[in-house]
Amino acid sequence: MSLSVLRTADAWWVLASGGAARIDTAATTTGELLADRAAIVAAAGSSDLVAVESLSLVSPVTAPCRVVAQMTNFVSHVEDSGMDPKTVPLTFFRKSSGSISGPHDDVVRPAHVRLLDYEVEIGLVFGREMAVGTEITAENLADYIAGLVVTNDVSARDVQLPKTQFYEAKSYPTFTPVGPALVLLDADELKRFVDLRLRLWVNGEVRQDMTVADMIYRPVQTLRELTRFQRMDAGDLLLTGTPVGTAISAPPKPVQFIANLLPPAVKWKLFFQGQAKNSKYLKDGDTVEASIATDDGAIDLGRQRTVVRYAR
């Protein structure tokens, strides 16, 4: 049975019937909390509850930690990016854990950024060390993945594309909203990963809506590749990609062909002139909501709500 863990600035909580119960733990990090599973289970049976609405929630994933992310990992997103899903490789990039923010915190766009984008993603939270060389199988996956979270991989596209690297463009403070809950799953529940539906709204308009059935590389295959070179520890976070519906979209192939013949400075100038007319990029005051759940509600990671603010 899943357990939904919440965090406030001074305490950890677990959802119970009718509210949230405080977890009696000395843990200050996500990794430490996951090692104190008995305290989480004990709190889940408590009758001493508070209203969830009374809690000021922060990210259930604490920083510092490792934040690793997968690139173009949904068929729909790959095709929208002008690539072939059959040939797209399994690739990773890193984000700074300084980009982690709470599920209701403002997303702050730096003053020099013009094209701010969103990507709802399932976050895998590790429950124990996964050393380089660890053998990952469908049978032992739940030994390493403790639970799941809603994440939003916010991206500064006009920084990302010309520099051809992701780290800076996706690592500004508040560029990884996480939560509201860290949902701890057992092995049987984790098998329903494929049934999860990712949704994202901007000002109430649905922008992304797709199940994991569209995902190319799923957790077992992903971790088999990752463990070849990257150690992960309890409390670390892996973002697993986003479906179609982000603001950015590849230009038609004839336009791409012509653009590739141009000097890079000219190509990017023309591209960003076109993107500046795209109304889907996030604006000051926009409300972004993201949720991940199975359609039957058996697994529900909750819904985050953030507001975009432009730095002056």
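**Working through the strands, cores and odd spots**

Thr174 sits in the loop between helix H5 (157-163) and strand E13; helices (H or I, at least four residues) and strands (E, at least two) are DSSP runs, numbered from the N terminus. What you're looking at is a predicted model, where local features need pLDDT of at least 70 and side-chain atom pairs count only at pLDDT 80 or more, while totals for chains, interfaces and linings use all residues. Residues are numbered from 1 along each chain as its sequence is written, and side-chain values use heavy atoms, leaving out hydrogens and water.

**Exercise 1.** Find out whether Thr174 is buried or exposed, and look up its phi.

*Solution.* Start with the surface: Thr174 has a relative accessible area of 16%, so it is buried (under 20% counts as buried, over 50% as exposed, and in between as partly exposed, with a 1.4 Å probe and protein chains only). Next comes the backbone: phi of Thr174 is near 80°, a positive value in a residue that isn't glycine. Asn203 also has a positive phi, near 55°, and it lies in the loop between E15 and E16. For background, most residues other than glycine have a negative phi, and most peptide bonds are trans.

**Exercise 2.** Track down the cis peptide bond that leads into Pro64, then the one that leads into Pro180.

*Solution.* Begin at Ala63: its bond to Pro64 is cis, with omega near 5°. Pro64 is in the loop between E4 and E5. Then go to Gly179, whose bond to Pro180 is cis with omega near 25°. Pro180 belongs to the loop between strand E13 (176-177) and E14.

**Exercise 3.** In what order do the strands of the 10-strand sheet come?

*Solution.* Walk across the open sheet and you read E4-E3-E2-E1-E14-E11-E10-E17-E5-E6, with mixed pairing (strands pair if DSSP finds at least two bridges between them). At the edges are E4 (49-50) and E6 (92-95), each pairing on one side only. Now add a helix: H2 (residues 37-44) packs on the sheet and touches E1, E2 (11-16), E3 (19-22) and E14. The direction of H2 makes about 100° with that of E1 (axes are lines fitted to C-alpha atoms, for helices over the stretch in contact, and angles run from 0 to 180 degrees between N-to-C directions). Helix H7 (residues 219-226) packs on the sheet too, touching E5 (67-70), E6, E10, E11 and E17, and its direction is at about 80° to that of E6.

**Exercise 4.** Zoom in on strand E10 and work out how many of its residues are buried and which strands it is bridged to.

*Solution.* Count first: in E10 (residues 120-126), 7 of 7 residues are buried. One face holds Val120, Ile122, Leu124 and Phe126, the other Glu121, Gly123 and Val125, and both faces are covered. Then check the neighbours. E10 pairs with E11 (residues 145-152) in the antiparallel sense over 7 bridges, and 3 bridges join E10 to E17 (residues 237-239), also antiparallel. Gly123 shows both sides nicely: its bridge partner in E11 is Val149, and in E17 it stands opposite Leu239.

**Exercise 5.** Which residues have the most contacts inside the largest nonpolar core?

*Solution.* This core has 62 residues, and the ones to pick are Ile122, Leu148 and Leu223. A nonpolar core is a set of buried Ala, Val, Leu, Ile, Met, Phe, Trp, Tyr and Cys residues joined through side-chain atoms within 4.5 Å. Apart from it lies another core of 26 residues, including Ala43, Ile100, Ala146 and Leu239. Leu223 itself, ignoring residues up to four places away in sequence, touches Phe126, Met130, Ile136, Leu141, Ile145 and Leu238 (contact means heavy atoms within 4.5 Å).

**Exercise 6.** Which residues does Thr8 contact, leaving aside neighbours within four places in sequence?

*Solution.* Locate Thr8 in strand E1 (residues 3-8). Its contacts are Trp13, Leu55, Ser56, Leu57 and Val58. With Trp13 there's a side-chain to side-chain polar contact at 3.0 Å (a pair of N or O atoms within 3.5 Å; within protein, one must be able to donate a hydrogen and the other to accept it, and residues adjacent in sequence count only if both atoms are side-chain atoms).

**Exercise 7.** Where is the pLDDT below 50?

*Solution.* Overall, the protein averages a pLDDT of 93, and 93% of the residues score at least 70 (pLDDT is the predictor's confidence in each residue, from 0 to 100). The stretch below 50 is residues 251-259, with 5 contacts in the model beyond near neighbours in sequence. Where pLDDT is low, the predicted coordinates should not be read in detail.
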